[in-house]
Amino acid sequence: MLNKLEALKVFCVAAETLQFKETANRLAISPPVVTRIIAELEDHLAEPLFQRNTRQIKLTEFGQQFLPQAKQLLDETERLFAPTRRRHNQDMSGLVRITLPELPDQEHILQELLAAIAPYPDLMLDWHKSEIRMNAIQAQIDLGIRIGNFSDGRMITRKVGEVTEKIVAAPSLLTKYGIPTDVLDLQRNFPLSAIFDGNTGRVWSWYLNEQIQFTPNRPQFIGSEGNITLQAALAGRVVAHQLDWLVDPYLATGDLVELFAEIPKYHWPVYVYRPQRAVTPTRVKVIFDLLVDIVGRRFK
């Protein structure tokens, strides 16, 4: 007899991975079991969910329509069978490892999270701020926040906002050098800052949009994170390419001036993510939802 809830879970994971072998790995079952459950579910629904060939699978039109309904039912079932308060308190103990980059109002984000988990004294946090993108599975990371495009079928992700980057300079620097006529003039004739990318060992490119991007050839100041290069810009040493939430307060006071504001800027998504696991501890799910709310409010 088909276990419908189990079948829906297998289907949802398979729809995310589009690989039956990877689905089996995540759910700790064998690939033939995945194949059998999907076949039984398709037989029960009298509709194919996947198109298969020897190289890949993809969702059918029916499968695409069925997926959000399946996810909703699984979410409702999880809420229905949520643990009792006593069991919940027991499950809210242990360690949760979190990695995150520079974020707006980061100290208050942590303060809000700590206040929210105050009822659980046995819950421990490993709060790791780093711009280096660690392998969440190998590093045993439970939760993470990432700015930028993020495509990893092994992760459950929730988009919580968007950011852009702006080119800024202090008025004193513009008095000395003038206003650049275009981006090429900026590259050739103005002192630029750069942020070191610990993932590649090089500096980050200035990515304005899909048509305009470049890497500073001879940066006059290099920092390990945006807050550091921001100080060099405020001091009038360099032109900087910075996240909007970092520079907007200084643009409002006139301490910085935005250059090329008319150029459309790329919108970088902000995600909260956690690894897809066969069994995810309650404490991880709770903190995941808390961070989605707390961080998301900073980007609205």
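**View 1. T99 of strand β3 has G144 as its bridge partner in strand β5.** This is a predicted model, in which local features need pLDDT of at least 70, side-chain atom pairs count only at pLDDT 80 or more, and totals for chains, interfaces and linings use all residues. Residues are numbered from 1 along each chain as its sequence is written, and side-chain values use heavy atoms, without hydrogens and water. Two bridges join β3 to β5 (residues 143–147), and these strands run parallel. Strands pair if DSSP finds at least two bridges between them. Strands (E, at least two residues) and helices (H or I, at least four) are DSSP runs, numbered from the N terminus.

**View 2. Strand β3 also joins strand β4.** Seven bridges link β3 to β4 (residues 123–129). The two run parallel. L100 has K129 as its bridge partner in β4. Five of the seven residues of β3 (residues 94–100) are buried, so this strand is largely enclosed by the rest of the structure. Buried means under 20% relative accessible area, exposed over 50%, and partly exposed in between (1.4 Å probe, protein chains only).

**View 3. Y271 sits in strand β15 (residues 268–275).** Y271 is buried, with a relative accessible area of 16%. Leaving aside neighbours within four places in sequence, Y271 is in contact with residues including G144, I145 and R146. Contact means heavy atoms within 4.5 Å.

**View 4. Confidence varies between elements.** Helix α5 (residues 85–91) has the lowest mean pLDDT, 57. Strand β14 (residues 257–259) has the highest, 98. pLDDT is the predictor's confidence in each residue, from 0 to 100.
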